Amino acid sequence: DVTEIEEKEAQAKEEEQIIKEQELSNLLHEKRYLKALGLAISLDRPHTVLMVIKDILKETDGRKHLEENIVRLRKDQKEAVLAFLVTWNTNSRNCHEAQAVVETLLKHEAPETLLQYSGIKPAVESLLPYT
């Protein structure tokens, strides 16, 4: 009978999720945005990533801080943010944040590097009508 083992695994995953969410909340409170972005991306939480970006942009020199944080993300994290921002860009309430991230990526990544991102072609195709 594996029911007990599966229940323990499910409980462990749930506890881990709660711990990560608390850590994310603490990072946002402490304004440690880079780690908060990384954690929200790893949790696959596009809305949370958007909220972190909005918090960064509310800061004094928000654009500068956003650039600093986006540039320091790993390639896989940037790819995830790119996938998220395609959806954000379709909503007028979130399009400014999406465009700020697109601008940062275009300013700091070489075209050859951007072309190597997974999903870049569909992302560009989806961004064009709304940009």
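Reader: Axes are lines fitted to C-alpha atoms, for helices over the stretch in contact, and angles run from 0 to 180 degrees between N-to-C directions. With that in mind, how are H3 and H4 set relative to each other: parallel, antiparallel, perpendicular or oblique?

Author: This is a predicted model, in which the axes of H3 and H4 come within 6 Å of one another and cross at roughly 135°. An angle over 145 degrees would count as roughly antiparallel, and one of 65 to 115 as roughly perpendicular. The crossing falls in neither range, so the arrangement of H3 and H4 is oblique.

Reader: Which residues make the contact of H3 with H4, and how do they divide into nonpolar, polar and charged?

Author: From H3 come Ile53, Ile56 and Leu57, and these meet Gly62, Arg63, His65, Leu66 and Asn69 of H4. Sorted by character, the residues of this contact are 4 nonpolar, 3 polar and 1 charged.

Reader: Which residues of H4 are buried, and which helices are included in what covers them?

Author: Within H4, which runs over residues 62-71, the buried positions are Gly62, Leu66, Glu67, Asn69 and Ile70. The cover over these buried residues includes H3, which spans 46-58, together with H2, H5 and H6.

Reader: How are H1 and H2 set relative to each other, parallel or antiparallel, and what is the handedness of their crossing?

Author: The axes of H1, residues 3-29, and H2, residues 33-42, come within 8 Å and cross at roughly 150°. Since angles over 145 degrees count as roughly antiparallel, that is the term for this pair, and it is therefore how H1 and H2 are described. The crossing in which H1 passes H2 is left-handed.

Reader: Which residues of H1 and H2 meet, and how many of the residues in that contact are charged?

Author: On the H1 side, Lys20, Glu23, Leu24, Leu27 and Leu28 take part, and on the H2 side they meet Tyr33, Lys35, Ala36, Leu39 and Ala40. The residues of this contact divide into 7 nonpolar and no polar, and the number that are charged is 3.

Reader: How many of the 10 residues of H2 are buried, and which helices help to cover them?

Author: The buried residues of H2 are Tyr33, Ala36, Leu37, Gly38, Leu39, Ala40 and Ile41. That amounts to 7 of the 10 residues, so H2 is largely enclosed by the rest of the structure. What covers these buried residues includes H1, H3, H4 and H5.

Reader: What value of phi does the residue Asp44 take?

Author: Asp44 is placed just after H2. Its phi is positive, with a value of about 55°.

Reader: Is Gln77 buried or exposed, and which polar atom lies 2.9 Å from its side chain?

Author: Gln77 lies in H5, which covers residues 75-89, and its relative accessible area is 9%. Because the limit for burial is 20%, Gln77 counts as buried. Beyond its neighbours within four places in sequence, Gln77 is in contact with Gly38 and Ile41. A polar atom of its side chain has, at 2.9 Å, the backbone nitrogen of Arg74.

Reader: Where does Glu109 sit, and with which side chain does it make a polar contact?

Author: Glu109 is found in the loop between H6, residues 95-108, and H7, residues 111-115. Its relative accessibility is 14%, so Glu109 counts as buried. Setting aside neighbours within four places in sequence, the residues in contact with Glu109 are Lys78, Leu114 and Tyr117. The polar contact of the Glu109 side chain, at 2.4 Å, is with the side chain of Lys78.

Reader: Which residues does Leu127 touch, leaving out those up to four places away in sequence, and what distance separates its C-alpha atom from that of Ala98?

Author: Leu127 belongs to H8, residues 120-127, and with a relative accessible area of 9% it is buried. Leaving out residues up to four places away in sequence, Leu127 touches Leu85, Val86, Asn89 and Val102. Ala98 is 29 residues apart from Leu127 along the chain, and their C-alpha atoms are separated by 9.6 Å.

Reader: How many helices and strands does the protein chain have, and what percentage of its residues count as buried?

Author: The protein chain has 8 helices and 0 strands, and its C-alpha trace spans about 55 × 35 × 25 Å along the principal axes. Among contacts with a separation of 6 or more, 61% are between residues 24 or more positions apart. Of the 131 residues, the share that count as buried is 37%.

Notes
Residues numbered from 1 in each chain as written. Predicted model: local features only at pLDDT ≥ 70, side-chain atom pairs only at ≥ 80, totals over all residues. Heavy atoms only, no water. Helix = DSSP H or I, 4+ residues; strand = E, 2+ residues; numbered from the N terminus. Parallel < 35°, antiparallel > 145°, perpendicular 65-115°, else oblique. Left-handed = near helix turned anticlockwise from the far one by under 90°. Contact = heavy atoms within 4.5 Å. Nonpolar A, V, L, I, M, F, W, Y, C, P; charged D, E, K, R; others polar. Buried < 20%, exposed > 50% of the residue type's maximum accessible area, 1.4 Å probe, protein only. Polar contact = N/O pair within 3.5 Å; in protein donor to acceptor, adjacent residues only side chain to side chain.
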